[in-house]
Amino acid sequence: MRLILLGPPGAGKGTQAKMLREKFRKPQISTGDILRKSVQEDTALGRKAKLFMNAGKLVEDDVVVGLIRERLVKEDCQSGFILDGFPRTIIQAEKLTETLKEMNLSIDTVIDFQVDTDELVNRLTGRSTCSDCGAMFHKISRPPLKIGICDGCGGSLYQRDDDKEETIKKRLEVYQNETAPLREFYRKQGNLKTAQGDGTVEEVFARVRAIVISI
Ligand code: AP5
C-alpha cells in the first residue's frame, strides 16, 4: 500500500492519514510534521523552513525531496507508506517517481480530497494540535475534553502559526497555483481517486477505506 493524500490545507489529510496508519499499520509521512519538528528543534533547516511556512509559502523543492528520499529508504517503509502533504509541486512529483523507480516501486493510488473553501477556513481557524503526540482537535467538530489539553496523552494544545486567517488565504492560493496541477499529473497516470472530504471524520474515513481496500 503506497498512497498519496492530496488536497488543500484543512482538507483532512493529516486526520485521515493518522486513521489509515492505525488501521493498516503503515507509516504516515508528513513533510509538514517533519518540518515543524525541525522548527521546534531550532535546527538550521527549521530556521530556514519557518520563514516559508509562516508566510504560507512552500519550502524549496530540493529540501523536501531530500527529506522524503531519506525517509523512504527506512525499513518501516518497505511494505508501504502514506504520504501526507507530499508531493506538492510537479517537480516534487517527478522526483518522487524517480526515487521510487530506483527502488523498483510505484505509487498505488492518489486520494484527492474535495472540500468547500469556507469549510477549509473553518477547519483551520478552529484547529488545535498536541505539542507532544500531534493529535488534532477542533473547537467545534472535535473539542478536547479539557480546554488546551490533549485527550490522548495530556500534552498541551497549541494553534499553528500558519493557521492565522491571512496566512490561510495565502496557503489556499499557493495550493491552487502549485499543487492543484498534480491532479492532472496523476489523472494521466491513471491512479487518481476522488474522495468527498465533507461530513464527519468517520464518514470521510469510510470513503477512504473503501478506496484503499479496492487497490
Ligand atoms: P502541512 O502541515 O502539510 O499543512 P497543509 O497541507 O496546509 O495541511 P493541513 O495540515 O493544514 O491540513 P490537513 O489537510 O492535514 O487537515 P487536518 O487533518 O489537519 O504543511 C504546512 C507547511 O509546511 C506548508 O504550508 C509549507 O510551508 C510546508 N510544507 C509541507 N509540505 C511541503 C512540501 N511537500 N513542499 C513544500 N513545502 C511543504 O484537519 C484540519 C482541521 O479540520 C483539524 O482541526 C481537524 O480536526 C478538522 N477536521 C478534519 N477532518 C474533518 C471533518 N471531516 N469534519 C470536520 N472537521 C474536520
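**Close-up 1. E41 and K37 hold on to each other through a salt bridge.** In this predicted model, the N-to-O distance between the two side chains comes out at 3.2 Å. How accessible are the two partners? E41 is partly exposed, with a relative accessible area of 48%, and K37 also counts as partly exposed, at 49%. If you want to hunt for other pairs like this one, a search of the whole structure turns up 16 salt bridges.

**Close-up 2. Helix α6 carries a salt bridge between E119 and R123.** Here the closest N and O atoms sit 2.9 Å apart. Where do the two residues stand relative to each other along the helix? They are four residues apart in α6, so about one helical turn separates them. Is R123 buried or exposed? R123 is buried, with a relative accessible area of 18%, because that value falls under the 20% cut-off. E119, on the other hand, is partly exposed at 32%.

**Close-up 3. R207 reaches D198 in another salt bridge.** The closest N and O atoms of this pair are 3.5 Å apart. R207 has a relative accessible area of 30%, which makes it partly exposed. D198 falls into the partly exposed class too, with 39% relative accessibility.

**Close-up 4. Five charged residues join up in a salt-bridge network.** Which residues take part? The members are R127, R160, D162, D163 and R171. Two of these names come back in the ligand view: R127 and R171 are listed among the residues closest to the ligand.

**Close-up 5. The ligand sits in a shell of 35 residues.** The closest of them are T15, K57, R88, R127 and R171. Sorted by class, the shell has 14 nonpolar, 12 polar and nine charged residues. Which helices and strands supply at least two shell residues each? They are α1 (13-24), α2 (31-40), α6 (117-125), β6 (136-138) and α9 (201-213). The largest share comes from α2, with four residues.

**Close-up 6. Polar atoms of G12, G85 and Q92 come up to the ligand.** G12 uses its backbone: an N or O atom there lies 3.0 Å from a ligand oxygen. G85 also brings in a backbone N or O atom, 3.0 Å from a nitrogen of the ligand. With Q92 the side chain does the job, placing a polar atom 2.9 Å from a ligand nitrogen. How much of the ligand's area does the protein bury? Taken alone, the ligand exposes 1000 Å², and the protein buries 97% of that.

**Close-up 7. Strands β6, β5 and β7 line up in an open antiparallel sheet.** The order across the three strands is β6-β5-β7. Why do β6 and β7 each have a side without a neighbour in the sheet? Both stand at the edges with a single partner strand, so one side of each is left free of a neighbour there. As for what joins such strands, backbone hydrogen bonds do the pairing, in either a parallel or an antiparallel arrangement. Looking at one pair in particular, β5 (residues 127-130) and β7 run antiparallel and are joined over two bridges. Which residue in β7 is the bridge partner of C130? That partner is L157.

How values were computed: Residues numbered from 1 in each chain as written. Predicted model: local features only at pLDDT ≥ 70, side-chain atom pairs only at ≥ 80, totals over all residues. Heavy atoms only, no water. Near = heavy atom within 4 Å. Polar contact = N/O pair within 3.5 Å; in protein donor to acceptor, adjacent residues only side chain to side chain. Areas by Shrake-Rupley, 256 points an atom, 1.4 Å probe, with all protein chains shown as cover. Nonpolar A, V, L, I, M, F, W, Y, C, P; charged D, E, K, R; others polar. Salt bridge = Lys/Arg side-chain N within 4 Å of Asp/Glu carboxyl O. Buried < 20%, exposed > 50% of the residue type's maximum accessible area, 1.4 Å probe, protein only. Pairing = 2+ DSSP bridges.
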